[in-house]
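Colleague: Before I rely on any label for this model, I would like to hear the reasoning behind it. Could you take me through the labels one at a time?

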Amino acid sequence: MAWASSLPKKNEDYVTKEYWDERYAKENDDGAFDWFKSYADIADLIREYVPDKASRILMLGCGNSKLSEEMYDDGYKNIVNVDYSGVVIGQMKKKHEESRPEMEWFEMDIQELSFGDESFDVAIDKGTMDAFLSAKGDVWNPPEEAVQSCTREVDEVLRVLKRSTGVFLYLTFAQPHFRKRFLIRPNTTLTIRELGEMFHYYLYILKV
Ligand SMILES: C[S@@+](CC[C@H](N)C(=O)[O-])C[C@H]1O[C@@H](n2cnc3c(N)ncnc32)[C@H](O)[C@@H]1O
């Protein structure tokens, strides 16, 4: 299996930009890998929480997932993709610039977004915050650096989302007791939906 050679030597490698750059460099330009779920699995939920196809959507840590292109082909044209791996952003820009010209791609750290306040309707994280929490240590009591990274990501998401209408969708394998601490914020409402049958995934919906 091609993806097996991309597995890190240790879990905490998922936290480093070098690991992601190397992994994407090894995959060819057409490489595509979706963590957890594909658009087909979650399309009904996306359409429920993002009913307006003209919404300006921020994709946090897009990687080489097909989620953005499949959302685009479903009518969500206004998607801005960011990832701190310049390698994957270069590959994705090249792959989509002609066929999906309205979609944008930026090399950027999600802990320090270069977008203005209240400039997005929706932000989506599929498995990206999870990368921060792959560091060694007690899952019940993650290392301070990981806690700070998650906190900074959510601070930035809340800053760039429009007040009163903004929605943050976070899809993960992690159960509520491991993630709620980062997502419970003043003046927001958090809803959690459980997906899947044998193995469960969770969609956290944070409304601003
Ligand atoms: C587990 S993958 C998920 C990729 C994609 N969202 C998906 O669903 O398949 C995590 C992605 O987040 C990116 N990433 C990790 N930390 C980041 C950070 N601080 N800023 C931006 N991107 C980051 C990695 O480069 C990688 O592409």
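What follows is a set of questions about those labels, each answered from its definition.

Modeller: Please keep in mind that this is a predicted model, in which local features need pLDDT of at least 70 and side-chain atom pairs count only at pLDDT 80 or more, while totals for chains, interfaces and linings use all residues. Residues are numbered from 1 along each chain as its sequence is written.

Colleague: Why is Phe36 called partly exposed?

Modeller: A residue is buried if 20 or more other C-beta atoms, placed from the backbone, lie within 10 Å of its own, exposed if 12 or fewer, and partly exposed in between. Phe36 has 18 C-beta neighbours inside 10 Å and therefore counts as partly exposed.

Colleague: And what makes Glu118 partly exposed?

Modeller: The count for Glu118 is 16 C-beta neighbours inside 10 Å, so Glu118 too receives the label partly exposed.

Colleague: What is notable about phi in Phe36 and in Glu118?

Modeller: Most residues other than glycine have a negative phi. Phe36, in the loop between α1 and α2 (39-49), has a positive phi near 70°, and Glu118, in the loop between β3 and β4 (122-126), has a positive phi near 50°. The helices (H or I, at least four residues) and strands (E, at least two) are DSSP runs, numbered from the N terminus.

Colleague: Which strands are called edge strands?

Modeller: Two strands pair if DSSP finds at least two bridges between them. Seven strands form an open sheet of mixed pairing in the order β3-β2-β1-β4-β5-β7-β6, and β3 (104-107) and β6 (189-195) each pair on one side only, which places them at the edges.

Colleague: How do you know that β1 and β2 pair?

Modeller: Strand β1 (residues 57-60) and strand β2 (residues 79-83) share four bridges in the parallel sense, set against the required minimum of at least two. Ile57, for instance, has Ile79 of β2 as its bridge partner.

Colleague: What describes the packing of α1 and α4?

Modeller: Two packed helices are described by the angle between their axes and the distance between the axes. Helix α1 (residues 17-26) and helix α4 (residues 86-96) pack at about 35° with axes 7 Å apart, where axes are lines fitted to C-alpha atoms, for helices over the stretch in contact, and angles run from 0 to 180 degrees between N-to-C directions. The contact is made by Asp21, Tyr24 and Ala25 of α1 and Val87, Val88 and Gln91 of α4, residues being in contact if their C-beta atoms, placed from the backbone, lie within 7 Å.

Notes
Two residues are in contact if their C-beta atoms, placed from the backbone, lie within 7 Å.
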